[in-house]
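Visitor: Could you take me on a close look at a single part of this model, please? I would like to hear how the annotated sites and the aromatic rings around it are placed.

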Amino acid sequence: MNIVVIGTGYVGLVTGVALAEIGHDVCCIDIDANKVAKLKQAISPIYEPGIEALIEKNVEAGRLSFSTDLKTAVADSSVVYLAVGTPQKQDGSANLDYIEEAAANIAQSIVQDTVVVVKSTVPVGTNRYLKECIQNQTPYKISIVSNPEFLREGVAVHDVFHGDRIVLGADDTVALEKLEMINQGFHIPIFKTGLESAEMIKYASNAFLATKISFINEIANICEKTGGDIREVSAGMGMDSRIGSAFLQAGIGYGGSCFPKDTLALNHIAKNVDYDFGLIQSVIDANKAQQLKLVKVLKSHYSDLSGKQIALLGVAFKPETDDIREAASEVIIEELLRCGAKVTIFDPVASTNMKAVFGNAIHVADTISEVLYQADAALVVTEWNEIKNIQLSAFTAQMNHPVVLDGRLVFDKTEMKQAGISYYSVGTGELQINEPVYI
């Protein structure tokens, strides 16, 4: 089937490539001519392991193309996927400007009855609103299907072919059947719902996972005061089939493009219907506090951070991505700089993005040795394999003072002590001192 995908950001590109991989003819549209030109050369605008190989494969097979010309692309297609950004406004609500603009372009370009498939994360009621907007601008029949994505950055290529379910929401049974046929090649269970339910499933799913993360981080904070070890607690909890082990890894909070935005948006949706969603507000507040956990511990060790050399090991919000949106690292850097510290960062792929935010206020290291050199403390922020595999001798050999604050629980507490490193990890107790406190 001929399919058009509007938007070549994270969701649109992965969706378009995946649809081509299962046999459809897909044209991905973007208004950015430079981005389109690079995509034609199989150069991806996003960092996602495996995506460029799939782009190249399907372009060569003639199933995947890229263009800035929506009108020409939709001439032979009755299915248009909408995958443009819905960024967060100051009040936490979703900004629909881009999706409204794309909807207007669809209305002005189509030449036949069309099914519009909304992949973008939108507030409840938006799909019905978009249908009305498009229908009012075209004589052709418009059907809307809500098809939210559940991809994880860094493993999206895997997830798109091995998902737990594909959610399709619509009031039009014919449109639902068409989308069910399109998605058969994924061999993933399809769950069909109404429009509003599909929209809510996306927000509810992300908010629930964010809640698990904030919950286990709060338990970690209690463990530190009671002598428990959060790793043991998480493992014991996760063995309960009613709970499960996923998203029970304590740390320094969630980040990225989805959880922070979607929890705030869901809270805003609740307020719009005059409902006080106290639970989700607590999740949001707990996460904000957790992102500064390592700085709080650092301040308890050094009474004055002014002039101290602090190394950040990782700045991406998670491994296998260059995404720093809502990352704990940005909050940490801001606070360290405010306190007068000197900040050096290392990340395999995300350093450039963070440098663009802070400029010359921070130093970017190209190697582990460089970031640790003469540091007064090292903060583990992202659990990249390169960081997990650091030889403990590197801390004692390179650092001015071997103080390691582990926000992702990647090192063994006993081994760190034996190596003579002052060590703290979230949820396993106070900073164990193996050297004098420097003030």
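Guide: Here is a walk through the annotated active site, the rings and the binding site. This is a predicted model, in which local features need pLDDT of at least 70, side-chain atom pairs count only at pLDDT 80 or more, and totals for chains, interfaces and linings use all residues. Residues are numbered from 1 along each chain as its sequence is written, and side-chain values use heavy atoms, with hydrogens and water left out.

Let's start at Cys258, where an unreviewed UniProt entry places the feature "active site"; UniProt positions follow the numbering used here, feature names are shortened, and annotations may be inferred rather than shown by experiment. Cys258 belongs to the loop between α10 (230–238) and α11 (259–272); helices (H or I, at least four residues) and strands (E, at least two) are DSSP runs numbered from the N terminus. Beyond its neighbours within four places in sequence, Cys258 is in contact with Glu149, Lys202, Asn206 and Thr263, where contact means heavy atoms within 4.5 Å. One of these, Lys202, also lies over the face of Phe150, 5.6 Å from the ring centre. The charged end of Arg165 sits over the ring of Phe150 too, at 3.7 Å from its centre; for this, NZ of Lys or CZ of Arg must be within 6 Å of the ring centre and within 35 degrees of the ring normal.

Now to the ring pairs. Phe247, Tyr254 and Phe259 are linked into a cluster by ring pairs. Rings of Phe, Tyr and Trp (its six-membered ring) pair if their centres lie within 6.5 Å, with planes under 30 degrees apart counted as stacked, over 60 as edge-to-face and the rest as tilted. The whole structure holds 5 aromatic pairs. Phe247 and Phe259 make a tilted one, 6.0 Å centre to centre with 45 degrees between the planes. Phe247 is in the loop between α10 and α11 and Phe259 in helix α11, so their pair ties together parts 12 residues apart in sequence. Phe259 is buried at 12% relative accessible area, while Phe247 is partly exposed at 28%; buried means under 20%, exposed over 50%, and partly exposed in between (1.4 Å probe, protein chains only).

Helix α11 also holds Lys261, which is among the positions given the feature "binding site" in an unreviewed UniProt entry, as are Thr86 and Thr121. Lys261 is buried at 18% and touches Thr86, Pro87, Gln88 and Thr121, leaving out residues up to four places away in sequence. Thr86 is buried as well, at 6%, and its side chain reaches the backbone oxygen of Thr121 at 2.7 Å.

Definitions and conventions. A polar contact is a pair of N or O atoms within 3.5 Å; within protein, one must be able to donate a hydrogen and the other to accept it, and residues adjacent in sequence count only if both atoms are side-chain atoms.
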